[in-house]
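The following paragraphs offer a guided reading of a protein model, moving from its strands to its loops and then to the chain as a whole. Please keep the sequence and the coordinates in view while reading.

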Amino acid sequence: MKDESGFRGFPRECVQFYEKLAKNNSKAWFDAHKDDFEAYVMAPARSFVYAMGKRLSQITPGVVADPRVNKSIFRPYRDTRFSNDKRPYKTHLGIFFWVGPLAKMDCPGYYFHLEPPVVMLGVGNHCFSKEILELYREAVVDPDQGPALMKALQAIRNKGNYEIGIRHYKKVPRGYDKDHPNADLLLFNGLTAAYQTSIPPELHSGDFVEYAFARFSEMRPIVDWLLHMISRPKP
């Protein structure tokens, strides 16, 4: 597939930027290195969004790939209002491609995370809102959707070493059968699959699109299942 996005990988300077930011997390340092942030982080990130979005659209029609900050590219600033940790900047780059009829964070999608020395590729919905959590629980015990979810998870496990999550609760929620075959999934407050690795050499070349796409494709059954869950008419 011809890459018309201009994406040639995330340069090594991108990794170095985050390594240095982790040691100098202050507004003064960031302001002094804004040109580096634009050249080595934001410019390749925008190209990656375009290239990856084109590729993902072949397996997930309607996927949103918007190369703006606070759209597919997460903002670099931390929300410190309710945290004792007042460091102002995230020490990672996060990019999200979502699909579905709801607000971005209520939809499933594909996620890229660079935080030296690792890269993480994930799919799904990291944290359900209250309404989506209830939809999820009902789907887990549904006689049709429940088995479909188990089939999707098994398909992912058969493909490779992917971590399924996210288990959060200690007890099956009130009103649900603790002996249900899918009871373990009722302890989740999000549904994801993830692949984490040390930074691969492909990150620094245009080959990273295919590297990420191959893993996104293998984890796609979770995206398909969640998309069906949020899109089906309510009874």
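Strands β3 and β5 run antiparallel and are joined by eight bridges. In this predicted model, one point at which to inspect that pairing is V119, which stands opposite T197 in β5. T197 belongs to strand β5, which covers residues 188-198. Is T197 buried or exposed? Its relative accessibility is 19%, and residues under 20% are classed as buried, so T197 counts as buried. Beyond the residues up to four places away in sequence, T197 touches P117, V118, V119 and Y211. The list thus includes V119, the residue that faces T197 across the pairing of the two strands.

Strand β3 also pairs with β2, again in the antiparallel sense, and here seven bridges are found. The two strands form a hairpin with two residues between them. Within this pairing, G109 stands opposite G124 in β3. As for its surroundings, β3 is mostly covered, with seven of its eight residues buried.

P117, named above as a contact of T197, is found in the loop between β2 and β3, the latter spanning 118-125. The backbone has a notable feature here: the peptide bond from P116 to P117 is cis, with omega near 15°.

From β2 the pairing can be followed to β1. Six bridges join β1 to strand β2 (residues 109-115), and these two strands run antiparallel. F96 of β1 stands opposite Y111 in β2. Strand β1 comprises residues 93-98 and is mostly covered, since six of its six residues are buried, that is, under 20% relative accessible area. In a regular strand the side chains alternate between the two faces of the sheet. In β1, L93, I95 and F97 point one way, whereas G94, F96 and W98 point the other way, and all are buried.

The loop between α3 and β1 offers two residues for comparison. What is the accessibility of T60, which lies in this loop? T60 has a relative accessible area of 3% and is therefore buried. Leaving aside neighbours within four places in sequence, T60 is in contact with V99 and Y110. Y110 falls within the residue range of β2. N70 is placed in the loop between α3 (34-56) and β1 as well. With a relative accessibility of 46%, N70 counts as partly exposed. The backbone of N70 also deserves attention, for its phi is near 75°, a positive value in a residue other than glycine.

A further cis peptide bond is found at another place in the chain, where G165 is joined to I166 with omega of about 25°. I166 lies in strand β4, which covers residues 163-167.

The loop between β4 and β5 contains L186. At 0% relative accessibility, L186 counts as buried. Which residues does L186 touch, not counting those up to four places away in sequence? They are R137, V140, V141, Y169, V172, P173, Y176 and D177. R137 and L186 are 49 residues apart in sequence, yet their C-alpha atoms are 6.0 Å apart in space.

These local details may now be set within the whole chain. The protein has six helices and five strands, and their order along the sequence is α-α-α-β-β-β-α-α-β-β-α. The radius of gyration is 19 Å, close to the 18 Å that the globule rule gives for 235 residues, so the protein is as compact as a globular protein of that length. Its C-alpha atoms fill a box of roughly 55 × 45 × 30 Å along the principal axes.

Contacts across long stretches of sequence are well represented: among contacts between residues at least 6 apart in sequence, 67% join residues at least 24 apart. Buried residues make up 44% of the 235 residues. The protein exposes about 12,700 Å², of which carbon and sulfur atoms supply 51%. Finally, the charged side chains number 33 positive and 27 negative, and the centres of the two sets lie 4 Å apart.

Notes: Residues numbered from 1 in each chain as written. Predicted model: local features only at pLDDT ≥ 70, side-chain atom pairs only at ≥ 80, totals over all residues. Heavy atoms only, no water. Helix = DSSP H or I, 4+ residues; strand = E, 2+ residues; numbered from the N terminus. Rg over C-alpha atoms; globule rule 2.2 N^0.38 Å. Buried < 20%, exposed > 50% of the residue type's maximum accessible area, 1.4 Å probe, protein only. Contact = heavy atoms within 4.5 Å. Areas by Shrake-Rupley, 256 points an atom, 1.4 Å probe, with all protein chains shown as cover. Lys, Arg positive; Asp, Glu negative; His and termini not counted. Charge placed at Lys NZ, Arg CZ, Asp CG, Glu CD. Pairing = 2+ DSSP bridges.
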